[in-house]
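Opened this one up today to get my bearings before going back to the bench. Notes below, in the order I looked things up.

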Amino acid sequence: MLLSKVETLYRWLCLLLLATAAGCAERSFEDAFSEYHERLSRTLSVDTTEIKPIDIAALPPSRELTLDIKGSDIDVLDFLSLTGCELQVTIGKRNSSLGRLASASQRLLLELEYLKLAPECIDYLESDGKQELASTLQDAWDDKRAQLPSLIYNATLASPEFRQFWKTPTSVGDYPANTGSSVLNSMAALNDSVRRWLSDDFAADNLTVELLLSDILKGDGGALRLALAKQSLALDVANEILDARLARGPLCTPPLRPQSADILDTVIEKFFIVGTQPRAAALNRRYHDLQPAIAELEGLVADVLPPIYLSWQQQRDAELSLWIKAPRMHVDRIIAIQKPCKAGEQIGS
């Protein structure tokens with residue numbers, strides 16, 4: 001009977017832990033730094049401060065990001081005049097009511113289809129003596145080729161999928177432990193396609209492109225920014241504690257080594273190196289996986305990025321560049337406060 005009661009208690013405890021595990025992820029992130037701040041404050045006899053509120057610049061509104069792309073003569077072209085061309089179906093779809101209301105990604109795919117099929121149709125019309133119609137299609141081809149970077153930008157960086165990718169979540173949970181390679185693979189595949197299109201290889205599979213964008217929609221650009229911002233602001237508080245103690249003079253005056261120096265070593269080892277660094281390393285890896293893929297796509301259409309996007313991009317990159325350096329900057333503070341104590345160890349050895 002006693003064993004049964006123990007087993008029952010154990011099972012209830014397991015259920016309780018499982019039930020609360022999901023809710024503990026965010027607290028563990030906050031608690032790791034909160035405990036580190038408390039230990040530093042107590043060890044160095046310095047008051048700690050609150051972590052500053054997080055302010056992350058969101059993407060500008062969609063209507064301000066989207067580029068206005070002018071139409072062409074094929075918008076009013078009677079597609080029946082293209083009998084004998086495979087392009088006839090494409091222009092029919094493009095000029096239909098659904099085509100005129102197509103999403104940016106669907107419009108891009110229609111224009112790619114036009115760019116791919118038009119040259120053969122132009123040759124056919126010229127051979128059939130329909131020079132005026134052939135010239136209209138050629139002018140439209142030239143226009144669409146010039147507009148291709150803008151069409152790509154609207155369908156990718158200015159799209160709802162990328163807006164969701166950059167959306168700041170309400171919390172970071174156990175991020176980045178819950179990430180995978182899917183979005184990275186999709187970004188690489190999308191970039192490969194964009195490079196091909198801009199090199200006049202206009203082949204595109206509609207379903208494949210939409211699936212790539214769907215994967216990117218589920219990506220973690222916003223979660224990465226939030227996690228790095230939280231980490232940076234938490235380390236700012238730790239830096240303030242160390243700076244305040246440094247302002248009072250060196251922690252050690254060789255050959256004297258106060259007990260607080262030994263305690264500080266333990267605090268840094270247990271609550272910074274063990275308590276926060278594994279996650280910092282994972283965030284660093286995720287940043288260096290995601291950022292190059294985004295930068296590559298932005299570089300491919302750099303000539304058409306509107307000023308409002310460039311302004312947001314500049315602010316985003318400046319923030320990320322600062323946040324990703326936060327652990328290294330904190331290590332520099334640790335080295336500075338420990339340096340006199342290490343010198344004392346060398347003297348005594």
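Started with α13, on the side facing away from its buried residues: P307 and Q314 sit there, exposed. Keeping in mind that this is a predicted model.

Then I checked the other side of α13. The buried residues are Y309, W312, Q313, R316, E319, L320, W323 and I324. Looking down the axis of α13, I get an arc of 135° that holds its buried residues, so they line one face of the helix. That fits the textbook picture: an α-helix has 3.6 residues a turn, so residues three or four places apart point the same way.

Checked the length of α13 too. It covers residues 307–324, and 18 residues at 1.5 Å each should span 26 Å; the end C-alpha atoms are 26 Å apart, which agrees.

Next stop, T156. I found T156 in the loop between α6 (131–155) and α7 (160–166). Buried or exposed, this T156? T156 counts as buried because its relative accessibility is 2%, and the cut-off for buried is under 20%. A polar atom of the T156 side chain lies 2.6 Å from the backbone oxygen of I152. Setting aside neighbours within four places in sequence, I see T156 in contact with F162, L190 and L297.

Last, the whole chain. I count 14 helices and zero strands. Of its 349 residues, 43% are buried. Among contacts with a separation of 6 or more, 84% come from residues 24 or more positions apart. The accessible surface is about 18,500 Å², with 57% of that belonging to carbon and sulfur atoms.

Methods
Residues are numbered from 1 along each chain as its sequence is written. This is a predicted model: local features need pLDDT of at least 70, side-chain atom pairs count only at pLDDT 80 or more; totals for chains, interfaces and linings use all residues. Side-chain values use heavy atoms; hydrogens and water are left out. Helices (H or I, at least four residues) and strands (E, at least two) are DSSP runs, numbered from the N terminus. The expected span of a helix is 1.5 Å times one less than its number of residues. Buried means under 20% relative accessible area, exposed over 50%, partly exposed in between (1.4 Å probe, protein chains only). The arc is that of the directions from the helix axis to the C-beta atoms. Contact means heavy atoms within 4.5 Å. Accessible areas come from the Shrake-Rupley method with a 1.4 Å probe; for residues, only the protein chains shown count as cover. A polar contact is a pair of N or O atoms within 3.5 Å; within protein, one must be able to donate a hydrogen and the other to accept it, and residues adjacent in sequence count only if both atoms are side-chain atoms.
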